[in-house]
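These are my notes from a session with the model below. I set down what I looked up, entry by entry.

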Amino acid sequence: MKLGRLLAVVRKELLQLGRDRLTFAMIVGIPTLQLLLFGFAINLDVRHLPAAVLDQANTAHSRELVAELASSQVLDFRHKVVAPQEIATLMRRGEISAAVVIPPDFESRKARADQPAWQVVVDGSDQSVQAAARQLGSFPLDSLDYGTEANRPGIRQVPSVEIVNFYNPERRAPINTVPGLIGVILAMTMVIFTAMAIVRERERGNMEMLIATPLSPLELTIGKVLPYVGIGLVQVTLILILGKLVFGVPVRGSLVDVYIAASVYIAASLALGVFISTMAKSQFQSMQMAFFTFLPQILLSGFMFPFDGMPKFAQWLAEIFPLTHFLRLIRGIMLRDAHLGEMWGEIAALCAFVVVVMAIAVRRFRKTLD
Amino acid sequence: MPDDTPVIVARGLTKRFGKLTAVDHLDLTVRRAEVYGFLGPNGCGKSTTIRMLCGLLEPTSGDIEVLGHKLPQDAEVVKRSIGYMTQKFSLYEDLSVVENLDFLAAVHGLAGAKKKQRLDEMYERYHLGNLKKQIAGTMSGGQKQRLALAGSVLHEPELLLLDEPTSAVDPQSRRDFWDALFDLSEAGTTLLVSTHYMDEAERCHRLAILDRGRLVANGSPHELMENLPGSTFRIECTEPRRLQDALIKEERVLGVAQIGSSLRVLTDRRDDGGWLRDRVHSIDAKAEVENVAPNLEDVFVASTHKRAQATEEKAA
């Protein structure tokens with residue numbers, strides 16, 4: 001390995017990058033666009049679910065309950081129905097996602113307290129609706145008792161469960177998504193850029209010329225990949241700044257820790273890109289393969305769905321992915337003010353990934369020259 | 001001028017890709033400072049051989065010694081003193097002339113005054129001085145070819161391998177290019193050039209004719225023509241097309257080509273062609289048959305024809 005040759009490759013790669021407007025636009029465009037899309041569009045709070053109400057009791061209390069539910073804004077009562085069959089029909093048509101059923105014996109059920117007093121019917125085909133319904137289940141019925149029976153001893157004046165939300169008290173979605181987005185955007189751009197950059201040399205025939213020179217495969221690979229480490233860090237900075245300015249996402253931990261974690265994670269993504277480049281025959285193929293690694297990462301890492309809710313097998317699989325570990329790291333540092341030392345296991349996992357994947361890639365790289 | 005020091009020695013060189021034998025037991029000796037030609041149709045194994053000789057491909061079997069080093073074991077050492085010009089333009093199309101050459105200079109470890117001197121020499125010799133800032137992808141075929149040549153000789157290689165270097169350029173650029181090759185040869189560089197142009201092959205000091213992976217003839221163009229195991233005739237006639245159809249069926253005729261209004265006939269033995277004259281006159285009494293000197297194309301047809309016959313007999 002000679003420094004002069006390595007730097008020659010880096011210089012050449014930067015020159016080419018500067019001339020490739022599309023790639024350049026992607027470097028800045030992808031993070032900006034994704035940040036704005038995900039930041040504004042992903043909202044974990046479910047509100048304004050279209051709903052129907054079937055009030056068979058029609059007492060003062062039942063009407064009060066319906067009014068309370070409506071004012072919580074979780075449900076948006078668009079239909080008032082008189083028969084249970086109507087609920088089934090409306091739900092099948094997709095006109096409502098939930099329905100509140102208050103039985104004729106609501107008052108006596110409420111008093112006996114050994115049976116549920118009222119019912120929420122939800123559309124189980126939508127996960128987020130189910131989650132919202134669970135919130136409704138803990139709706140404090142006791143609070144309806146003020147006025148008439150408020151002074152009676154033994155009756156709870158407060159909801160049975162109080163939920164305290166740490167780190168994100170206002171339950172603002174961007175606080176959760178933006179740190180994760182750093183990982184997702186890097187997983188996408190870093191893997192694609194490196195895989196394509198290396199395959200491009202082969203596809204355009206440059207490789208044949210290069211092999212006849214003293215340039216070694218390792219010098220070529222590292223030289224081509226190094227500029228992308230810089231690009232990755234620029235993207236991280238861009239997301240942090242936009243996240244702060246547009247969504248008010250804080251960095252509670254140390255910035256140095258953020259960049260160290262990001263660098264290790266970038267290395268992991270680049271290793272994956274190099275590995276893909278040893279298998280792909282064309283730039284198009286390398287792009288397809290990059291997406292193949294990107295999709296399971298985004299789905300299983302805990303970015304899209306709660307990690308703890310996944311089956312054990314999926315969790316084990318997700319432990320392989322760099323994004324899973326980076327998500328834990330970046331959320332820890334940015335939101336919980338955690339130190340890197342407290343999460344050394346995640347860093348170690350990322351390092352192991354880099355070493356193993358890079359070793360396989362370099363071995364395969366030598367083979368592909370034949 | 002060529003001397004007797006061998007620069008390339010290959011013995012029993014063979015390369016198989018699965019079931020296909022691309023190069024079949026090739027023996028080859030190229031001497032210092034000669035321009036050695038590889039002549040053969042597309043797919044005869046020229047490119048594969050060249051790739052093995054510069055360490056890009058590992059041979060399936062056989063021995064190669066280039067500049068006194070064994071390949072593929074010493075490939076890294078050999079790569080420092082050889083230049084390779086690929087068939088397709090393989091410098092960076094999105095970089096300028098200066099950027100491409102700067103990159104190659106750095107890859108070859110040229111720096112400082114030496115680098116500047118070599119680069120200036122390249123701009124001057126290959127007329128690239130006023131194209132320095134031009135992006136390679138926007139240059140003409142001839143300009144690209146000059147840049148590619150400059151890139152492959154920048155580090156003053158002892159051996160230069162060129163794979164069909166003139167396939168994408170006009171005749172004038174081809175002539176200039178060959179002048180440049182002879183300048184290099186005069187300066188002591190050994191050149192191995194593959195081509196499918198007869199006129200280019202004829203300019204080589206020595207050449208090898210390849211056919212389906214085998215070496216079917218080698219020597220200087222003059223020797224090859226002298227030793228042609230056949231005779232060549234020119235026939236002036238009124239209906240060349242009809243005569244050609246009749247002659248091609250003759251067993252002793254290896255090839256008939258129409259050139260303008262005359263026919264060029266290659267036979268499989270060295271004689272005055274009395275039998276041919278009789279045959280021609282029986283078809284067209286007014287035709288004139290004249291014995292002419294063989295050219296390289298005749299050598300090419302004769303050597304590849306022999307091989308084709310041998311395979312047919314083997315199959316039968």
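How many residues does each chain bring to the contact between chain A and chain B? I found 22 residues from chain B and 17 residues from chain A. I keep in mind throughout that this is a predicted model.

**Entry: the chain B side of the contact**

I looked up which elements of chain B supply the side that touches chain A. Helix 2 (75-80), strand 6 (82-85) and helix 3 (97-107) of chain B each supply at least two residues. Helix 3 of chain B gives the most, with four residues. By class, I noted 11 nonpolar, four polar and seven charged residues on this side.

**Entry: strand 6 of chain B**

I then followed strand 6 of chain B further. The general rule is that side chains in a regular strand alternate between the two faces of the sheet. In strand 6 of chain B, Ile82(B) and Tyr84(B) point one way, while Gly83(B) and Met85(B) point the other way, and all are buried. Strand 6 of chain B pairs in the parallel sense with strand 7 (residues 159-163) of chain B, over four bridges. I recorded Leu159(B) as the bridge partner of Ile82(B) in strand 7 of chain B.

**Entry: nonpolar cores**

The largest nonpolar core has 98 residues, and I listed Ala150(B), Leu161(B), Leu191(B) and Leu192(B) as those with the most contacts inside it. Helix 3 of chain B provides the largest share of this core, seven residues. Another core, of 61 residues, lies apart from it; among its residues are Ile175(A), Leu240(A), Met289(A) and Ala290(A).

I also looked up the neighbours of Leu191(B). Leaving aside residues up to four places away in sequence, Leu191(B) touches Val35(B), Tyr36(B), Leu160(B), Leu162(B), Leu181(B), Leu184(B) and Ser185(B).

**Entry: chain A as a whole**

I counted 14 helices and four strands for chain A. Buried residues make up 36% of its 370 residues. The domain assignment divides chain A into domain 1 (3-42 + 171-368) and domain 2 (49-145), and their C-alpha centres lie 47 Å apart.

I checked helix 10 (residues 255-279) of chain A for its span. At 1.5 Å a residue, its 25 residues should span 36 Å, and the end C-alpha atoms are 36 Å apart, so the two values agree. Helix 10 of chain A is mostly covered, with 19 of its 25 residues buried.

**Entry: domains of chain B**

For chain B the assignment gives domain 1 (6-218) and domain 2 (229-293). I noted 40 Å between their centres, taken over C-alpha atoms.

**Entry: backbone exceptions**

Most residues other than glycine have a negative phi, and most peptide bonds are trans. I looked for departures from this.

Leu67(B) has a positive phi, near 50°. Leu67(B) lies in the loop between strand 4 (61-66) and strand 5 of chain B. I classed Leu67(B) as buried because 20 other C-beta atoms lie within 10 Å.

Asp337(A) also has a positive phi, near 55°. I placed Asp337(A) in the loop between helix 13 (322-336) and helix 14 (344-368) of chain A. Asp337(A) is partly exposed, with 14 other C-beta atoms within 10 Å.

A cis peptide bond joins Leu71(B) and Pro72(B), with omega about 0°. Pro72(B) lies in the loop between strand 5 (69-71) and helix 2 of chain B.

Terms used. Residues are numbered from 1 along each chain as its sequence is written. Chains are lettered from A and ligands numbered from 1 in the order in which they are written. This is a predicted model: local features need pLDDT of at least 70, side-chain atom pairs count only at pLDDT 80 or more; totals for chains, interfaces and linings use all residues. Two residues are in contact if their C-beta atoms, placed from the backbone, lie within 7 Å. Ala, Val, Leu, Ile, Met, Phe, Trp, Tyr, Cys and Pro count as nonpolar, Asp, Glu, Lys and Arg as charged, and the others, Gly among them, as polar. A nonpolar core is a set of buried Ala, Val, Leu, Ile, Met, Phe, Trp, Tyr and Cys residues joined through C-beta atoms within 7 Å. A residue is buried if 20 or more other C-beta atoms lie within 10 Å of its own, exposed if 12 or fewer, and partly exposed in between; C-beta atoms are placed from the backbone. Domain bounds come from an automatic or database domain assignment. Two strands pair if DSSP finds at least two bridges between them. The expected span of a helix is 1.5 Å times one less than its number of residues.
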